[in-house]
Amino acid sequence: MQVIKQYIEQHKQRLLDELFELLRFPSVSADPKYKPEVLKTADYVAKKLTEAGADNVEVCQTAGYPIVYGEKIIDPAKPTVLVYGHYDVQPPDPLELWKTPPFEPTVRDGKIYARGACDDKGQFYMHIKAFELMMQTNTLPCNIKIMIEGEEEVGSNNLGVFVKANTDRLKADVVLISDTSMISMEHPSLETGLRGLSYLEVEITGPNRDLHSGVYGGAVANPITILSKMIASLHDENNHITIPGFYDEVIALNEQERKELNAAPYNEAEYKKDLDVAELWGEKGYTTFERTGTRPTLEVNGIWGGYIGEGAKTVLPSKAHTKISMRLVPNQGSEKITKLFTDHFLKIAPASVKVTVTPHHGGEPVVTPTDSIAYRAAQKAITESFGKAPIPTRGGGSIPIVALFEAELGIKTVLMGFGLDSDALHSPNEKYDVFNYYKGIETIPLFHKYFAELSK
């Protein structure tokens, strides 16, 4: 541990400067106008992997954005860790809500503010710097393969093709991912599961053109009104999702599992204060931890239609749109849920409008084993680094490739994230604590050490 701490202290400013350089690339995968910058980001990641000491570094082309790959095989007989991360980020909009520019990283009160600071540039870059540390101090105890993709924020559509075509190249004993969060630095935790995802877009069409709301209002269905009613009907008075068959495969936690999950530190007053809400909202009969980690949800991610410019325009719009995401729990399949939603939405639509549902992407829920060598290695690493054992938790987000790795490579994943739920992921003013960044670089080499030792 002393060697690790000394290296970080000696290179502290450079480690931060390099992350800042990475954060300045606006690598937004969802918007084609950023394509040149996304490609530059891949090249930068490859450059840094090479400088850290990786062999066979390659910017692997796909039908979309490239996947950056590098490895260090010190002994084929030793265990191999496959590190996964993503260099693409969410769109920064709405820009006016950022206190400082999203692609000009700024430190305020010990926190790095920038798009991608936590999700996932700050977190995957910890692994490259931890790898560099192990190479420079001659302490790498196992083989390591590093794969950083550029399409996670748009569904990882081409990653599956790449993985299937490179099963030998990606052969490993475990996948290690830092794209998740901890409860806090005072209460370190390890996520033992993730929810799946079904993401889709809906278009409601009424009349064949925008109409004068005075001439036609009251005689022709307004698509925005109809869409609003349809969306509102998707939850009942207990905030239970009303789509027939939606809960058929959901397995409820038993009392012991609920007790263990809810043993994690939680202060509802602080939770509400952080979000500036007077009251929480969710499925009746479940705690916040259960709602955000073990229960399925349906959320409206965006809704638009009609006139939203300056001033007034009295229009009855031709179309209305919404984007909806459903988070899924173990046993729920994304394709089945997408079909259930589509069938239900078409069924409840009145004859006065036409409905089109377009699926975007999905992913399957996963539960990671807590009795594996890799999980115990992560426990020991965090315990040594933080001075206390991590609390097992369930993550509310989705990383679709976890199920993909298990299906295609036959290996489980360890979710060892260092972000916080309050880091404003996908929101303006995304942040990542400088402390967390260095703590990750400190802890990751310990994982490799204990994984190698426990694998003997």
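These are short questions and replies about a predicted model.

Me: Why is serine 184 called buried?
Reply: Buried means under 20% relative accessible area. Serine 184 has 14% relative accessibility, so it counts as buried.

Me: Where does serine 184 lie?
Reply: Serine 184 is in a loop. That loop runs between strand S8 (181–182) and strand S9 (189–194).

Me: What makes the link from the side chain of serine 184 to the backbone nitrogen of histidine 187 a polar contact?
Reply: The cut-off for such a pair of N or O atoms is within 3.5 Å. The side chain of serine 184 reaches the backbone nitrogen of histidine 187 at 2.9 Å. It also reaches the backbone nitrogen of glutamate 186, at 3.3 Å. Both distances fit the cut-off, so both count as polar contacts.

Me: How do you know that leucine 194 is buried?
Reply: Its relative accessible area is 4%. The limit for buried is under 20%, so leucine 194 passes. This residue belongs to strand S9.

Me: How far apart are leucine 194 and valine 402, in sequence and in space?
Reply: In sequence, leucine 194 and valine 402 are 208 residues apart. In space, the C-alpha to C-alpha distance is 8.8 Å.

Me: How many aromatic pairs does the structure hold?
Reply: There are 9 aromatic pairs.

Me: Why is the pair of phenylalanine 25 and tyrosine 44 called tilted?
Reply: The ring centres are 5.4 Å apart, and a pair needs them within 6.5 Å. The planes stand at 50°. Under 30 degrees would be stacked, and over 60 would be edge-to-face. The angle of 50° fits neither, so the pair is tilted.

Me: Which parts of the chain does the pair of phenylalanine 25 and tyrosine 44 link?
Reply: The pair links distant parts, 19 residues apart. Phenylalanine 25 is in the loop between helix H2 (12–23) and helix H3 (35–52), and tyrosine 44 is in helix H3. Both residues are buried.

Me: What makes the pair of phenylalanine 124 and tyrosine 125 edge-to-face?
Reply: The planes of these rings are at 80°. The cut-off is over 60 degrees, so the pair is edge-to-face. The centres are 6.4 Å apart, and the pairing limit is within 6.5 Å. Phenylalanine 124 and tyrosine 125 are both buried.

Me: Which residues do ring pairs link into a cluster?
Reply: The cluster holds Tyr266, Tyr271 and Phe289.

Me: How do you know that the charged end of arginine 108 sits over the ring of tyrosine 113?
Reply: Two tests apply: within 6 Å of the ring centre, and within 35 degrees of the ring normal. The charged end of arginine 108 is 3.8 Å from the ring centre of tyrosine 113, and it is listed as sitting over the ring. Lysine 439 does likewise over the ring of phenylalanine 386, with its charged end 5.2 Å from the centre.

Me: How many cavities of 30 Å³ or more are there?
Reply: The structure holds 2. The largest has a volume of about 50 Å³. The second largest has about 30 Å³ of space.

Me: What lines the largest cavity?
Reply: Its lining includes Val174, Pro369, Tyr375 and Lys412. Helix H12 (373–386) and strand S18 (413–415) each give two or more residues. The lining divides into 5 nonpolar, 3 polar and 1 charged.

Me: Which residues line the second largest cavity?
Reply: Val367, Thr368, Val402, Glu406, Ile411, Lys412 and Thr413 do. They divide into 3 nonpolar, 2 polar and 2 charged. Glu and Lys count as charged, so Glu406 and Lys412 are the charged residues here.

Conventions:
Residues numbered from 1 in each chain as written. Predicted model: local features only at pLDDT ≥ 70, side-chain atom pairs only at ≥ 80, totals over all residues. Heavy atoms only, no water. Helix = DSSP H or I, 4+ residues; strand = E, 2+ residues; numbered from the N terminus. Buried < 20%, exposed > 50% of the residue type's maximum accessible area, 1.4 Å probe, protein only. Polar contact = N/O pair within 3.5 Å; in protein donor to acceptor, adjacent residues only side chain to side chain. Phe/Tyr/Trp six-rings, centres within 6.5 Å; stacked < 30°, edge-to-face > 60°. 1 Å grid on protein atoms, 1.4 Å probe; cavity = no way out; pocket = protein on both sides within 12 Å on 5 of 7 lines; lining within 4 Å. Points joined across faces, edges and corners; volume = space filled by probe spheres on them.
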